[in-house]
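Colleague: Could you take a close look at the charged side chains here, and at what surrounds them? Please go through it in one connected account.

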Amino acid sequence: MGTGHYSRKKGGRAKNKEYKRKTWLRRRARDTDQIQDEIEKAEETATPIAFEYDDDLPGGGQFYCVETGKHFESAKALADHKKSRYYKKRCRELKEKKYTQDEAEWAGGMSKEVLPPAHDKK
């Protein structure tokens with residue numbers, strides 16, 4: 001008795017913080033600066049970004065979108081993806097200038113300016 005199929009209710013993990021902490025990073029897309037670095041590296045070496053055949057990746061790794069960093073099952077799925085709002089938004093984000101560490105520190109209030117001394121030493 002009690003060995004039947006167990007299924008969770010719909011929305012059963014809605015308030016489970018531990019589950020959310022574990023899974024939020026799994027679905028996360030790659031950051032734009034990571035993709036910009038990958039594109040710059042491919043331009044420097046003058047080689048396109050390509051993958052060898054791999055059974056673990058969707059479509060054997062042959063249908064890859066560089067801008068979003070995702071693999072697709074077929075050429076049609078990749079073509080449909082390139083028409084999507086998500087793809088077009090990511091392309092706009094990639095055209096923006098990359099942030100540097102100095103800009104990040106300036107935005108955080110960590111200035112590197114050297115102020116004159118308040119009191120002269122005699």
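Modeller: Arg30 is a convenient place to start: with a relative accessible area of 29%, Arg30 is partly exposed, because partly exposed covers the range between under 20%, which is buried, and over 50%, which is exposed. The model is a predicted one. The side chain of Arg30 meets that of Glu38 in a salt bridge, with an N to O distance of 2.9 Å.

Arg30 also leads on to another arginine. Among the contacts of Arg90, with neighbours within four places in sequence left aside, are Arg30 and the residues Ala29, Asp31 and Thr32. Ile35, Glu67 and Thr68 belong to that contact list as well. Arg90 is found in helix α4. Its relative accessible area is 8%, so Arg90 is buried.

Helix α4 spans residues 85–95 and also holds Lys95. In contrast to the buried Arg90, Lys95 is exposed, at a relative accessible area of 75%. Lys95 belongs to a positive surface patch, together with Lys88, Lys89 and Arg92.

Back at the salt bridge partner of Arg30, Glu38 is one of the residues touched by Val66, not counting residues up to four places away in sequence. The others touched by Val66 are Ile35, Ile39 and Ile49. Ile35 therefore appears twice in this account, since Arg90 is in contact with Ile35 and Val66 touches Ile35 too, contact being heavy atoms within 4.5 Å. Val66 is found in the loop between β1 and β2, the latter being residues 70–72. Along the chain Val66 and Gln36 are 30 residues apart, and their C-alpha atoms are separated by 9.6 Å.

As for the charged pairs in general, seven salt bridges are found in a search of the whole structure. Asp37, Glu40 and Lys98 are linked in a salt-bridge network. Another bridge joins Glu103 to Lys97, where the closest N and O atoms are 3.2 Å apart. Glu103 is partly exposed, at a relative accessible area of 29%, whereas Lys97 is exposed, at 65%.

Glu18 and Lys22 form a further salt bridge through their side chains, at 3.5 Å from N to O. Both residues are in helix α1 (residues 17–23), and they are separated by about one helical turn because they are four residues apart. Glu18 is exposed, with a relative accessible area of 52%, and Lys22 is exposed with a relative accessible area of 52%.

Two uncharged positions complete the picture. Ala46 lies in the loop between α2 (32–45) and β1 (63–65), and has a positive phi of about 60° although it is not a glycine. Most residues other than glycine have a negative phi. Ala46 counts as exposed, at 66% relative accessibility. Gly108 is placed in the segment after α5 (101–107), and is exposed, with a relative accessible area of 60%. The C-alpha atoms of Gly108 and His71 are separated by 36 Å, the two residues being 37 apart along the chain.

Methods: Residues numbered from 1 in each chain as written. Predicted model: local features only at pLDDT ≥ 70, side-chain atom pairs only at ≥ 80, totals over all residues. Heavy atoms only, no water. Patch = residues over 30% accessible without salt bridge, like charges linked within 9 Å, V, L, I, M, F, W, Y side chains within 5 Å. Areas by Shrake-Rupley, 256 points an atom, 1.4 Å probe, with all protein chains shown as cover. Salt bridge = Lys/Arg side-chain N within 4 Å of Asp/Glu carboxyl O. Lys, Arg positive; Asp, Glu negative; His and termini not counted. Charge placed at Lys NZ, Arg CZ, Asp CG, Glu CD. Helix = DSSP H or I, 4+ residues; strand = E, 2+ residues; numbered from the N terminus. Buried < 20%, exposed > 50% of the residue type's maximum accessible area, 1.4 Å probe, protein only.
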